[in-house]
Amino acid sequence: MRNWLTLGLIVVLVAGLAGPVRAQTAEEISDMRETVDALKKKLREQEQRLEELEQGQREATSQANEARQLAETAKATAEKAPSGDGKKLPGWLDNLKFSGDFRLRYQFDGFNWPAGNENMDRHRARIRLRFGFVKTWADDQVEMGFRLASGTDNAANSTSETLGGGFTKKPLWIDQAYARYTPRNADGKSYGFSIIGGKFSKPWVMNELFWSSNVNPEGVWAEYRMPKITLSDPVAIEPFVGAGWFTVMERSAAKDSQMYILEAGLRTNITKDIRWTLAANYQEWKQYANSGVAAGGNSSPLSTIPGMRVGNLSNQIDIADVFGKPLNLFGDIAYNFGEDSSVAGFEGQNTAYAVGARWGQNRKKGDWSLKYRYAYIEANSLPGAFVESDFRQANHKGNVIGAEYNLLDSLTIGFDVFLLHPVRKVGSSANEDRTVTAMATLLWKF
């Protein structure tokens, strides 16, 4: 077809150039031949370009077909391919999460004893290892989890292991083991109610000096968070209530030692950037004198404490931005309504209070924070065995300062100093004047 087209164009051109029949010079004939040759060359170039375009289109179509075939083959292979052990992964691995942390610490404990026993200062290398799993079912309505943790002994308020025991192996303890149920409606929205049972983190509101973050109570806790009540934009309140029953010591031939707790509070947005949490709880300890826990600064023996009925009021304020960093403030006060000890030095020792601030947060590389806390904990104001261990438990007062810096997203260094005095020099602290505890910490979270 292209040859006929070429021949036709040449004939038309020749006829047009001929015009009226007349005699033509040799020069004119030569010019016409050159023009025809130029047109032929141009036509050949156009034909070559057309062939190249058609070839490119054929190649593109072929590549697209090959890519489609490869994708279909890969999909079919993936569907038929077995897992690494020749089987599909078991269903119980779905929604299973693993987490933990490892802490390496140098700790100095300096004592000032009027009796002159300065050699009691201690230098310790300490480690902490915690890890566990959490599994959820039914769109996160059911949750079960457990965590293992290190620890020199089975003391409730510490998971630190001191190195230097003749190179012996270090133990792991069951630190948490629980199940939680949080019902949801058909749209996946929570009703605000949840219940948890087993051994789990403290669910009520109280600062970590009054109740160590290492102490995981054992029993049942239920709470209800009411729907948010908007007063005016952005002010809104979220009331909540909770109740718990915990077994401190179970016995077969005598009454169990138990703790009951009731809590009520609210969370509210004071402004768009300021959030306030107010909570009050009441703890009723039954058979506390027979609980088997260490005195921890309480009257010793525990039988000298007529009762442990503790009321606690907590305030927390979170401010989103103060000079470019978030600021958290807290203030707690606790009072033991059951204290009536007649032991010399312990009379009327039933009040505790604490205040503190944390400026900054530690989430990613380069983050840093500063913190300060002060606490005054009288001997019988709180169960001493569950007070923060680095604060030397009850019957102490003093300052705590610290700083943390993220070397990496999951790697943090920290420094803490506890400057403490006994509230009253009674019992084991009769000769104690002052303690200084300094700690340098490297923490890896995974």
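**Note on the predicted model: salt bridges, backbone and surface**

1. A search of the whole structure finds 15 salt bridges. The structure is a predicted model, and the points below should be read with that in mind. Side chains of opposite charge can pair when their charged atoms come close.

2. Start with Glu-208 and Arg-373. They form a salt bridge, and their closest N and O atoms are 2.8 Å apart. Glu-208 sits in the loop between β6 (193–199) and β7 (218–225), while Arg-373 belongs to strand β15 (residues 368–377), so this pair ties together parts that are 165 residues apart in sequence. How exposed is Glu-208? Its relative accessible area is 37%, so Glu-208 is partly exposed. Arg-373 counts as buried, because its relative accessibility is 10% and the cut-off for buried is under 20%.

3. Next, Arg-275 and Glu-238. This salt bridge has its closest N and O atoms 2.9 Å apart. Arg-275 is in strand β11 (residues 274–286) and Glu-238 in strand β9 (residues 235–249), so the pair ties together parts that are 37 residues apart in sequence. Arg-275 is partly exposed, with a relative accessible area of 26%. Glu-238 is also partly exposed, at 24%.

4. Lys-286 and Glu-284 make another salt bridge, at 3.7 Å from N to O. Lys-286 is partly exposed, at 39% relative accessible area. Glu-284 counts as buried, at 16%. Elsewhere, Arg-358, Lys-371, Glu-404 and Asp-416 are joined into one network by salt bridges that share partners.

5. Now the backbone. Most residues other than glycine have a negative phi, and most peptide bonds are trans. Where are the cis bonds described here? One runs from Asp-233 to Pro-234, with omega near 5°. Pro-234 lies in the loop between β8 (229–232) and β9. Another joins Ser-300 and Pro-301, with omega about 0°. Pro-301 is in the loop between β11 and β12 (308–322).

6. Two residues deserve a look for their phi. Asp-139 is not a glycine, yet its phi is positive, near 55°. Asp-139 lies in the loop between β2 (122–137) and β3 (142–150). Asp-139 counts as exposed, at 67% relative accessibility. Its C-alpha atom is 9.9 Å from that of Thr-182, although the two residues are 43 apart along the chain.

7. Phe-167 also has a positive phi, about 60°, and is not a glycine. Phe-167 is placed in the loop between β4 (161–162) and β5 (172–181). Is this side of the chain buried or exposed at Phe-167? Phe-167 is exposed, with a relative accessible area of 86%.

8. On the surface, Glu-27, Asp-31, Glu-34 and Asp-37 form a negative patch. Asp-37 is found in helix α2 (residues 26–80). Asp-37 counts as partly exposed, at 47% relative accessibility.

9. Finally, the chain as a whole. Its secondary structure comes to two helices and 18 strands. Of the 446 residues, 34% are buried. Take contacts between residues at least 6 apart in sequence: 59% of them join residues at least 24 apart. The chain exposes about 26,200 Å², and carbon and sulfur atoms supply 58% of that area.

Terms used:
Residues numbered from 1 in each chain as written. Predicted model: local features only at pLDDT ≥ 70, side-chain atom pairs only at ≥ 80, totals over all residues. Heavy atoms only, no water. Patch = residues over 30% accessible without salt bridge, like charges linked within 9 Å, V, L, I, M, F, W, Y side chains within 5 Å. Areas by Shrake-Rupley, 256 points an atom, 1.4 Å probe, with all protein chains shown as cover. Salt bridge = Lys/Arg side-chain N within 4 Å of Asp/Glu carboxyl O. Lys, Arg positive; Asp, Glu negative; His and termini not counted. Charge placed at Lys NZ, Arg CZ, Asp CG, Glu CD. Helix = DSSP H or I, 4+ residues; strand = E, 2+ residues; numbered from the N terminus. Buried < 20%, exposed > 50% of the residue type's maximum accessible area, 1.4 Å probe, protein only. Contact = heavy atoms within 4.5 Å.
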